[in-house]
Amino acid sequence: MRQLENYLDGLTSMKKWMVTEVACGFGYVTMDLFLKKFHEVQMFDICPVSINHVKQKFKDQRKVTSIKQMSMVTYEWNTE
């Protein structure tokens with residue numbers, strides 16, 4: 001986690017507005033890092049157990065704007 005945090009901190013030209021946690025599992029990266037670094041977090045995973053868990057875990061977190069059960073193939077990537 002520390003390596004990822006150091007990498008993100010080094011991206012000084014990046015606005016860090018929104019991030020998508022792919023294969024979010026139980027949301028550890030979002031909880032430990034993304035909520036601190038980004039204004040908006042979107043999450044998805046193919047596993048229904050994981051999605052049910054993170055929906056409950058982040059239900060009151062305003063920064064988490066989308067939690068969906070889907071794969072990388074079916075996810076609609078924002079290209080803007």
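This is a short viewer tour, from the sheet outwards to a loop.

**Before you start.** The model is predicted: local features need pLDDT of at least 70, side-chain atom pairs count only at pLDDT 80 or more, and totals for chains, interfaces and linings use all residues. Numbering runs from 1 along each chain as its sequence is written, and side-chain values use heavy atoms, with hydrogens and water left out.

**Stop 1: the sheet.** Select 18-22 and 64-69. These are β1 and β3, the edge strands, and each pairs on one side only. Add 40-45 for β2. The three strands form an open sheet, ordered β1-β2-β3, with parallel pairing. The twist from one strand to the next averages 15 degrees. Strands here are DSSP E runs of at least two residues; helices are H or I runs of at least four; both are numbered from the N terminus. Two strands pair if DSSP finds at least two bridges between them.

Zoom in on β2 and β3. They pair in the parallel sense over five bridges. Label Val 41: its bridge partner in β3 is Val 64. Label Gln 42 too: its partner in β3 is Ser 66.

**Stop 2: helix α3.** Select 48-57. Helix α3 packs on the sheet and touches β2 and β3. Contact means heavy atoms within 4.5 Å. The direction of α3 makes about 160 degrees with that of β3. Axes are lines fitted to C-alpha atoms, for helices over the stretch in contact, and angles run from 0 to 180 degrees between N-to-C directions.

Which hand does the β2, α3 and β3 unit have? This β-α-β unit is right-handed. To check by eye, point the strands away from you: a right-handed path from the first strand over the helix to the second runs clockwise.

**Stop 3: helix α2.** Select 28-37. Thr 30, Leu 33, Phe 34 and Leu 35 are buried in this helix. Buried means under 20% relative accessible area, exposed over 50%, partly exposed in between (1.4 Å probe, protein chains only). The buried residues of α2 pack against α1 (2-10), β1, β2 and β3.

Pick Thr 30. Its relative accessibility is 0%, so Thr 30 counts as buried. What does Thr 30 touch, not counting residues up to four places away in sequence? The contacts are Glu 21, Leu 35, Val 41, Met 43, Phe 58 and Val 64.

**Stop 4: the aromatic pair.** A search of the whole structure finds one. Show the rings of Phe 34 and Phe 38. Their centres are 5.6 Å apart and their planes stand at 90 degrees, so the pair is edge-to-face. The criteria: rings of Phe, Tyr and Trp (its six-membered ring) pair if their centres lie within 6.5 Å; planes under 30 degrees apart count as stacked, over 60 as edge-to-face and the rest as tilted. Phe 34 is buried at 8% relative accessible area. Phe 38 is buried at 4%.

**Stop 5: the cysteines.** How many disulfides does the structure hold? Zero. A disulfide is a pair of cysteine sulfur atoms within 2.5 Å. Select Cys 24 and Cys 47. The sulfur of Cys 24 has its closest cysteine sulfur in Cys 47, 9.2 Å away, so it is too far for a bond. Cys 24 is buried, at 4% relative accessible area, whereas Cys 47 is partly exposed at 28%.

**Last stop: Asp 60.** Go to the loop between α3 and β3, where Asp 60 is found. Asp 60 is exposed, with a relative accessible area of 68%. Now add Asn 6 and compare C-alpha atoms. Asp 60 and Asn 6 are 54 residues apart in sequence and 28 Å apart in space.
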